[in-house]
Amino acid sequence: MMDAILSGNALLAELEPSTRARFLPHFQRAELRRGDVLHSDGQPTEWVYFPLTGLVAILTQTIAGESVQTGMVGCNGGVGVLEAFGSGRFRSRGEVQIPGTAVRLGVARYREMLHSSPGLERAVERHLEMLVTEARQLMACNALHPIEGRLSRSILDALDRSCLDKVLPLTQEALAQMLGAQRTTVSSCLARLQREGLIRSSRGAIEVLDVPRLERIACDCRESLAIAKADIWTPEEQQSASA
C-alpha cells in the first residue's frame with residue numbers, strides 16, 4: 001500500500017525499485033491540516049515532507065514578523081529537500097495552505113536515501129532548479145503584471161500542485177498572502193472571475209469551472225514557467241539527441 005502511495009509524489013516516483021524497497025519501512029504518513037507549521041525560520045531540519053495532496057506555502061519573514069509567500073510545494077516536490085544539507089536549518093516558514101496528505105522521512109534517512117538513488121538525486125536537482133527559476137520569474141511577475149492575471153495564474157498553479165480536482169479549499173486570505181496583495185483587492189478580482197463564469201467562490205473554497213478560459217486570462221508567466229519546466233525536466237539523453 002505504502003509503495004503505491006510514494007508514486008503520488010513526483011520526486012519519490014523517481015526512486016529505483018531497490019532503493020524504494022530499502023527505505024519504505026522508514027516513511028511515515030502525515031496529515032496536512034490547514035495552518036499547520038511544518039517548519040519555522042531558524043529551526044533545525046528534522047523531517048523532509050513529500051506532499052501527495054494539498055499545498056505547503058513557503059513564507060519568507062522579516063525581523064519585524066511580516067511575511068510574504070515566496071514559493072509553494074505540493075505533489076511536485078518536497079519540503080526540506082534543500083535544507084537537509086548545508087547548515088541544516090530552515091530560512092523560511094513552511095505552512096500548510098491547502099489541507100491534504102504527505103509522507104515524511106527523518107533527515108538522516110533522507111540523506112542516506114538521496115545518496116543511494118541517482119534517480120532521486122537528479123529529480124531533486126531539477127526540482128531545486130525549478131524553484132529558483134520560479135522565484136526569479138515571480139519577482140518580475142509581481143512588478144509587471146496586473147492582479148487579475150496573477151490571481152488566475154496562482155489559482156491554476158495551486159490546482160496543479162495540490163493534485164486536487166477543480167475544487168481548492170483556499171481562503172481569500174491565503175490568496176492575498178500568495179500574491180502580496182490586499183484581501184479586498186483579491187475579493188474584488190474573485191467576484192469578477194465568478195461573474196464571468198470562470199470560477200465559483202465560496203467561503204474557504206474556490207471551484208474552477210473553466211480551465212481553458214482561466215488559462216487565457218492568466219499572465220504569461222504561467223507559459224514561461226511551463227516552457228522552463230519542460231526544458232529542466234527533459235531527460236539528458238533527449239537534450240543531447242536534439243542538440
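## The loop after helix α5

K166 sits in the loop that runs between α5 and β8, and in this predicted model its backbone takes a positive phi of about 75 degrees although the residue is not a glycine. With a relative accessible area of 41%, K166 is partly exposed, since that class covers residues that are neither under 20% nor over 50%.

C163 belongs to the loop between α5 and β8 as well, and its position is just after α5. C163 has a positive phi of about 60 degrees, again without being a glycine, and at 37% relative accessibility it counts as partly exposed.

## Helix α5 and its last residue

Helix α5 covers residues 147-162, and at 1.5 Å a residue its 16 residues should span 22 Å, which agrees with the 22 Å that separates its end C-alpha atoms. Because 14 of the 16 residues of α5 are buried, the helix is largely enclosed by the rest of the structure.

S162 lies in helix α5 and is buried, with a relative accessible area of 0%. A polar atom of the S162 side chain lies 3.4 Å from the backbone oxygen of L159. When neighbours within four places in sequence are left aside, S162 is in contact with L52, T53, G54, L55, I98 and L168.

## Two nonpolar cores

In soluble globular proteins, nonpolar side chains tend to be buried together. Here the largest nonpolar core has 26 residues, and those with the most contacts inside it are L151, I155, L170, L175, L190 and L214. The elements that contribute two or more residues to this core are α5, α6 (172-179), α7 (183-195) and β10 (205-208), with α5 giving the most, namely six residues. Apart from this core lies another, of 22 residues, which includes I5, L12, F50 and V107.

What does L190 touch once its neighbours within four places in sequence are left aside? The contacts of L190 are L151, I155, Q172, L175, I199, S201 and I206, and of these, L151, I155 and L175 are also listed with L190 among the residues with the most contacts inside the largest core.

## A buried glutamine in strand β6

Q97 lies in strand β6, which covers residues 93-98. Is Q97 buried or exposed? Its relative accessible area is 7%, so Q97 is buried. The side chain of Q97 makes a polar contact of 2.7 Å with the side chain of Q69. Residues up to four places away in sequence not being counted, Q97 touches R34, L55, V56, A57, Q69, P169, L170, A174 and M178. L55 is thus a contact of Q97 and also a contact of S162, while L170, another contact of Q97, is one of the residues with the most contacts inside the largest nonpolar core.

## Helices α3 and α4

S116 has its place in helix α3, which covers residues 107-116, and is partly exposed, with a relative accessible area of 27%. S116 and T19 are 97 residues apart in sequence, yet their C-alpha atoms are 6.9 Å apart in space. Leaving aside neighbours within four places in sequence, S116 is in contact with T19, R22 and F23, and a polar contact of 3.3 Å joins its side chain to that of R22.

Helix α4, residues 118-144, has 27 residues and reaches 39 Å from its first C-alpha to its last, close to the 39 Å expected at 1.5 Å a residue. The buried residues in α4 are G119, L120, A123, V124, R126, H127, M130, E134 and C141, a list in which R126, H127 and E134 appear alongside residues such as L120 and V124.

## The chain as a whole

The protein chain has ten helices and ten strands, and its C-alpha trace spans about 50 × 45 × 35 Å along the principal axes. For 243 residues, a compact globule would have a radius of gyration near 18 Å, and the 18 Å of the protein chain agrees with that expectation.

Of the 243 residues, 44% count as buried, and the chain exposes about 12,000 Å², of which carbon and sulfur atoms supply 51%. Among contacts between residues at least 6 apart in sequence, 73% join residues at least 24 apart; the contact between S116 and T19, which are 97 residues apart in sequence, is one of this kind.

Conventions. Residues numbered from 1 in each chain as written. Predicted model: local features only at pLDDT ≥ 70, side-chain atom pairs only at ≥ 80, totals over all residues. Heavy atoms only, no water. Helix = DSSP H or I, 4+ residues; strand = E, 2+ residues; numbered from the N terminus. Expected span 1.5 Å × (residues − 1). Buried < 20%, exposed > 50% of the residue type's maximum accessible area, 1.4 Å probe, protein only. Polar contact = N/O pair within 3.5 Å; in protein donor to acceptor, adjacent residues only side chain to side chain. Contact = heavy atoms within 4.5 Å. Rg over C-alpha atoms; globule rule 2.2 N^0.38 Å. Areas by Shrake-Rupley, 256 points an atom, 1.4 Å probe, with all protein chains shown as cover. Core = buried A, V, L, I, M, F, W, Y, C linked by side-chain atoms within 4.5 Å.
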